[in-house]
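Reader: I'm new to this and keep tripping over the vocabulary. Could you walk me through the words people use for a structure, and show me what earns each one?

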Amino acid sequence: MPKKQTYKGVGGRISAQPRLHQRAREIQTYGTVSHALPLELEEPVRLEMAEQLNQLLADTMTLRDLYKKCHWQVAGPTFYQLHLLYDKHYGEQVEVVDSIAERIQLLGGVSLAMAADVAETTQIERPPRGREEVPVQLSRLLDAHQVIIRQTRKLARRASELGDDGTNDLVVSEVLRTNELQAWFLSEHLVNVPLVEAKKPSVAAGAA
Ligand SMILES: [Fe+2]
């Protein structure tokens, strides 16, 4: 006769009730690095890189969310074009965020994740809750890109000095390149060129 199968829950009690509302101590504190994978990178290097990458992460998450705010709140004759462009850049920043966060975990660190922690850490100026006109939206986004681009160059050089080529490559190939390209696309919208009628050359310029 087959043995009767029994299912025991936590503490040996048999129950179909899920264990809800559980809490426990953290398994790793923020600001520390854990395991040493066979990466050939010493703990102080991984600690410093994780810290700097978390700053970059907080700023990138802020830029990502700023893009969504602009996507929702944009107004005016360029609504359709910018509504789409902002969302395209948002999607690209989502991927950058994931790459930075996973690099921190790979180095043994702990990635920032929650909005409140990001808000406390970011260096990017907080916009108002209300809607702003297009030139202001574009300027805020460009300022945010500038903060990130400045940081990436510094971080890439430091990673290279410390022998962390993986971080250097991620920061240059993915973060810096994406931000440079997006900044170009935005900047071209702030060039004041005629929309319908070309400016006629002045008489003086024509005579010269
Ligand atoms: Fe949308």
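**Why we call it that**

Author: Let's start with an empty spot: helix 1 gives the lining of the largest cavity its largest share, four residues. One thing to keep in mind throughout is that this is a predicted model.

Reader: What makes that spot a cavity, and which residues line the largest cavity?

Author: A space counts as a cavity because a 1.4 Å probe fits there but cannot get out. The lining residues are L66, K69, C70, Q73, R131, E132, Q137 and R140. Helix 1 and helix 4 are the elements that give two or more residues to that lining.

Reader: How many cavities of 30 Å³ or more does the search find?

Author: Searching the whole structure turns up one of 30 Å³ or more. The volume of the largest cavity is about 50 Å³, so set against that 30 Å³ cut-off it makes the list.

Reader: What is the volume of the largest pocket, then, and why is a pocket not called a cavity?

Author: A pocket is an open set of points, whereas the probe cannot get out of a cavity, so the two get separate words. The largest pocket has a volume of about 460 Å³. It is lined by 18 residues, and the closest to its centre are T62, D65, A119, R126 and P127. Helix 1 and helix 3 (115-121) each bring at least two residues to the pocket lining, with helix 1 giving the largest share, six residues.

Reader: Why is T152 called buried?

Author: Buried means under 20% relative accessible area. T152 comes in at 1%, so it is buried. You'll find T152 in helix 4, and setting aside neighbours within four places in sequence, it is in contact with L56, V171, V175 and L176.

Reader: And R103, why does that count as buried?

Author: Same kind of check: the relative accessibility of R103 is 15%, and the cut-off is under 20%, so R103 counts as buried. R103 lies in helix 2. Not counting residues up to four places away in sequence, R103 touches L53, D164, G166, T167 and L170.

Reader: What makes H21 and E40 exposed?

Author: Exposed means over 50%. H21 has 74% relative accessibility, so it counts as exposed. E40 has 80%, so it counts as exposed too. H21 is in the segment before helix 1, and E40 lies in that segment as well.

Reader: What is there to notice about phi in H21 and E40?

Author: Most residues other than glycine have a negative phi. Phi of H21, though, is near 55 degrees, a positive value in a residue other than glycine. For E40, also a residue other than glycine, the positive value is near 60 degrees. There's a glycine with a positive phi as well: G163, just after helix 4, at about 85 degrees.

Reader: How do you know that the span of helix 4 is close to what is expected?

Author: Helix 4 has 29 residues, and at 1.5 Å a residue the expected span is 42 Å. From first C-alpha to last, helix 4 reaches 42 Å, so the word "close" fits.

Reader: What about helix 5, and where does helix 5 bend?

Author: With 23 residues, helix 5 reaches 31 Å, close to the expected 33 Å. The bend is at L176, by about 30 degrees. Buried residues of helix 5 include L170, V171, V175, L176 and L186, and helix 1, helix 2 and helix 4 are among what covers its buried residues.

Reader: What makes a group of residues a nonpolar core, and which members touch the most others in the largest one?

Author: Members must be buried, be of a listed type such as Leu, Ile or Tyr, and be joined through side-chain atoms within 4.5 Å. The largest nonpolar core has 41 residues, and L53, L56, L57, Y86, I100, L141 and L186 touch the most other members. Helix 1 (43-73), helix 2 (79-106), helix 4 (134-162) and helix 5 (165-187) each supply at least two residues of this core, and the largest share, 12 residues, is from helix 1. Take I100: beyond neighbours within four places in sequence, I100 is in contact with L53, L56, L57, T60, L170 and V175.

Methods:
Residues numbered from 1 in each chain as written. Predicted model: local features only at pLDDT ≥ 70, side-chain atom pairs only at ≥ 80, totals over all residues. Heavy atoms only, no water. Buried < 20%, exposed > 50% of the residue type's maximum accessible area, 1.4 Å probe, protein only. Contact = heavy atoms within 4.5 Å. Bend = angle between axes of the 7 residues up to and from the residue. 1 Å grid on protein atoms, 1.4 Å probe; cavity = no way out; pocket = protein on both sides within 12 Å on 5 of 7 lines; lining within 4 Å. Points joined across faces, edges and corners; volume = space filled by probe spheres on them.
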